[in-house]
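Reader: I should be grateful for a close look at one part of this structure, set in the context of the rest. Please treat the matter in a single connected account.

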Amino acid sequence: QVQLVESGGGLVQTGGSLRLSCAASGRTLSYYAVGWYRQSPGNEREFVGSINWNGVSTKYADSMKGRFTISRDNANGTVYLHMNSLKPEDTALYFCAAGGSTRGPFNSWGRGIQVTVSS
């Protein structure tokens, strides 16, 4: 397992953008598949998207396609979630997770970071 840390969250207005980062402490994230998930109060955790270890393959939940993009910089061991055209319903705690494959399971999880979209 690897310890993951998310950063870049915060408060943004509707229509705005944010970029979340996911990095590993103690070891590189470069050889792991990474998934992004989110959870809002009263709701189950929801898949956002994933990226394979070299960035060639990405997947997205239908509701995020065209607005969210996942990329990675393996030289710096960081994976990014670029979020555009944000809506109030995107407000949630966002988590990154790492594993051997985008098919799962993701064995390592970060603590999450809050994204709040104001209307």
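Which residue has its backbone nitrogen 3.0 Å from a polar atom of the side chain of Ser101?

Author: The residue is Arg103: its backbone nitrogen lies 3.0 Å from a polar atom of the Ser101 side chain. The model is a predicted one, and the distances given here are computed from its atoms. Ser101 itself belongs to the loop that runs between strand 9 and strand 10, the latter covering residues 106-109. When neighbours within four places in sequence are set aside, Ser101 is in contact with Ala33 and Phe106.

Strand 9, which precedes this loop, leads to the disulfide. Cys22 and Cys96 form this bond, with their sulfur atoms 2.1 Å apart. Cys22 sits in strand 3 (residues 18-25) and Cys96 in strand 9 (residues 92-99), so that the pair links distant parts of the chain, 74 residues apart. The count of disulfides comes to 1. The torsion about the S-S bond is about 70°, and the disulfide is therefore right-handed. Cys22 has a relative accessible area of 0%, and is therefore buried; Cys96 is likewise buried, with a value of 0%.

Strand 3 and strand 9 also appear in the account of the nonpolar core. The largest such core has 28 residues, of which Trp36, Leu81, Met83 and Tyr94 touch the most other members. Two or more residues of this core come from each of strand 3, strand 4 (33-39), strand 5 (46-51), strand 7 (68-73), strand 8 (78-83), strand 9 and strand 11 (113-118). Leu81 may serve as an illustration: apart from its neighbours within four places in sequence, its contacts include Leu18 and Leu20, Trp36, Val48, Phe68, Ile70 and Tyr94. Arg19 and Thr69 are also among the residues in contact with Leu81.

A second loop may be set beside that of Ser101. Asn43 is found between strand 4 and strand 5. Its relative accessible area is 45%, and Asn43 is therefore partly exposed, whereas Cys22 is buried. The side chain of Asn43 makes a polar contact with the side chain of Ser40, at 2.7 Å. Between Asn43 and Ala24 the separation is 19 residues in sequence, and their C-alpha atoms are 27 Å apart in space.

Technical notes
Residues numbered from 1 in each chain as written. Predicted model: local features only at pLDDT ≥ 70, side-chain atom pairs only at ≥ 80, totals over all residues. Heavy atoms only, no water. Disulfide = S-S within 2.5 Å. Helix = DSSP H or I, 4+ residues; strand = E, 2+ residues; numbered from the N terminus. Buried < 20%, exposed > 50% of the residue type's maximum accessible area, 1.4 Å probe, protein only. Core = buried A, V, L, I, M, F, W, Y, C linked by side-chain atoms within 4.5 Å. Contact = heavy atoms within 4.5 Å. Polar contact = N/O pair within 3.5 Å; in protein donor to acceptor, adjacent residues only side chain to side chain.
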